[in-house]
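Thanks for coming, everyone. I'll take one structure today and walk through it piece by piece. Here it is on the screen.

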Amino acid sequence: MRIEVDWTRCDGHGLCARLLPEKVGLDEWGFPVIDTPEIGDDLVPHARRAVGACPALALRLVPG
Ligand code: SF4
């Protein structure tokens, strides 16, 4: 699985970085920075929680 941000929706709330700090950092404006989007099996539950919590519906998990 990979985690992706829909930049047309992201408002820079930063919640994703708090819920998935292993994968998501924040830039100086509070927008997510994802260096390696691949999500290992162990992190999928955390990634799903972050996707579900994004208030802008901007985060998604996709196969691959
Ligand atoms: S929680 Fe959603 S809206 Fe907020 S920074 Fe992350 S992807 Fe963007």
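Start with the largest nonpolar core. Which residues build it? There are 9 in all: Ile3, Cys16, Leu20, Val24, Ile39, Ala47, Ala50, Cys54 and Leu59. Keep in mind that this is a predicted model. The general background is familiar: in soluble globular proteins, nonpolar side chains tend to be buried together.

Take one core member, Leu20. Set aside its neighbours within four places in sequence, and Leu20 is in contact with His46, Ala47 and Ala50. Two of those names, Ala47 and Ala50, you have just heard in the core list.

Now the overall fold. How many helices and strands does the protein chain have? It has 2 helices and 4 strands. Their order along the sequence is β-α-β-β-α-β. The radius of gyration is 10 Å, and the globule rule gives 11 Å for 64 residues, so the chain is as compact as a globular protein of that length. The C-alpha trace spans about 30 × 20 × 15 Å along its principal axes.

Two totals for the chain. Of the 64 residues, 17% are buried. Then take the contacts between residues at least 6 apart in sequence: 59% of them join residues at least 24 apart.

Next, the ligand. There are 14 residues around the ligand. Which come nearest? Cys10, His13, Cys16, Cys54 and Ala56 do. Cys16 and Cys54 are also members of the largest nonpolar core. By type, the shell around the ligand holds 10 nonpolar residues, 3 polar and 1 charged.

Over to helix H2, where Val51 sits. Is Val51 buried or exposed? Neither: Val51 is partly exposed, because it has 18 other C-beta atoms within 10 Å, and the cut-off for buried is 20 or more. Leaving out neighbours within four places in sequence, Val51 is in contact with Leu59, Arg60 and Leu61. Cys10 is 41 residues away from Val51 in sequence, and their C-alpha atoms are 12 Å apart.

Follow the chain out of that helix. Leu57 lies in the loop between helix H2 (44-53) and strand S4 (59-62). Its backbone deserves a look. Leu57 is not a glycine, yet it has a positive phi of about 50 degrees. As a general point, most residues other than glycine have a negative phi. Leu57 is exposed, with 11 other C-beta atoms within 10 Å.

Last stop: two glycines. Where is Gly14? It is in the loop between strand S1 (2-5) and helix H1 (15-19). Gly14 counts as partly exposed, with 17 C-beta neighbours inside 10 Å. Not counting residues up to four places away in sequence, Gly14 touches Leu26 and Gly30. Asp27 is 13 residues from Gly14 along the chain, and 9.5 Å separates their C-alpha atoms.

That brings in Gly30. Gly30 lies in the loop between strand S2 (25-26) and strand S3 (32-33). Why does Gly30 count as exposed? Because it has 12 other C-beta atoms within 10 Å, and 12 or fewer means exposed. Beyond its neighbours within four places in sequence, Gly30 is in contact with Gly12 and Gly14. Compare a separation in space: Gly30 and Val44 are 14 residues apart in sequence, with 23 Å from C-alpha to C-alpha.

That's the tour. Questions, please.

Key. Residues numbered from 1 in each chain as written. Predicted model: local features only at pLDDT ≥ 70, side-chain atom pairs only at ≥ 80, totals over all residues. Near = placed C-beta within 6 Å. Nonpolar A, V, L, I, M, F, W, Y, C, P; charged D, E, K, R; others polar. Rg over C-alpha atoms; globule rule 2.2 N^0.38 Å. Contact = placed C-beta atoms within 7 Å. Core = buried A, V, L, I, M, F, W, Y, C linked by C-beta atoms within 7 Å.
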